[in-house]
Amino acid sequence: MIDVHVTIPKRGNTISYGPGKHEYCKLCGSQIHFVKTRKGKQMPCDMALLRGDGKRTLIDHAGVTHRKASNEVFGYEPHFGTCPELRRIREHSKHKEGQHV
Ligand SMILES: [Zn+2]
């Protein structure tokens, strides 16, 4: 059983669902937004515009996904990679399979 915590935004905050609008991660409650990739997919990403560090995956303003983005790349990091709750769930399922991290 996975316990999912949903943070309910304070009154006055507008939540709009849909592409290009701000949304909240259903797992950790972080504010996220959708970035359209070149393939036309809406990718939930963190709000912060980041610079590549050679490790992280970033999606730039043109919708290009940069794996191991160099420091010349500015973009948004997919929330799948940064969500603490999702990471916890993943680690939990790894343990179930008997793998050690
Ligand atoms: Zn999250």
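Setting aside neighbours within four places in sequence, His-79 is in contact with Cys-25, Ile-32, Pro-44, Cys-45 and Asp-46 in this predicted model. One of these partners, Ile-32, sits 47 residues away in sequence, yet the two C-alpha atoms are just 7.3 Å apart in space. His-79 belongs to helix 1, which covers residues 79–82. Is His-79 buried or exposed? It counts as buried, because 22 C-beta neighbours fall inside 10 Å and the cut-off for burial is 20 or more.

Zooming out, the protein has 2 helices and 6 strands. Along the sequence they come in the order β-β-β-β-β-β-α-α. Of the 101 residues, 14% count as buried. As for the contacts between residues at least 6 apart in sequence, 30% join residues at least 24 apart.

Some of that burial turns up in strand 6, residues 74–78, where 4 of the 5 residues are buried, so the strand is mostly covered. Strand 6 pairs with strand 3, which spans residues 42–51; the two run in the antiparallel sense, with 4 bridges between them. Looking at one position in that pairing, Cys-45 has Pro-78 of strand 6 as its bridge partner. Cys-45 is also among the residues that His-79 contacts.

Then there is the nonpolar side of things. The largest nonpolar core holds 9 residues: Cys-25, Ile-32, Val-35, Cys-45, Leu-58, Ile-59, Ala-69, Tyr-76 and Cys-83. Two elements give two or more residues to this core, namely strand 2 (31–36) and strand 4 (58–59). In soluble globular proteins, nonpolar side chains tend to be buried together. Among the members of this core are Cys-25, Ile-32 and Cys-45, and His-79 is in contact with each of these three. Cys-83, another core member, touches Cys-25, Leu-27 and Cys-28 once residues up to four places away in sequence are left out. Cys-25 therefore appears in the contact lists of both His-79 and Cys-83.

A backbone oddity shows up at Lys-68, in the loop between strand 5 (65–66) and strand 6. Lys-68 is not a glycine, but its phi is positive, at about 50°. Most residues other than glycine have a negative phi. Lys-68 is exposed, because 12 other C-beta atoms lie within 10 Å and the cut-off for exposure is 12 or fewer.

How values were computed:
Residues numbered from 1 in each chain as written. Predicted model: local features only at pLDDT ≥ 70, side-chain atom pairs only at ≥ 80, totals over all residues. Pairing = 2+ DSSP bridges. Contact = placed C-beta atoms within 7 Å. Core = buried A, V, L, I, M, F, W, Y, C linked by C-beta atoms within 7 Å.
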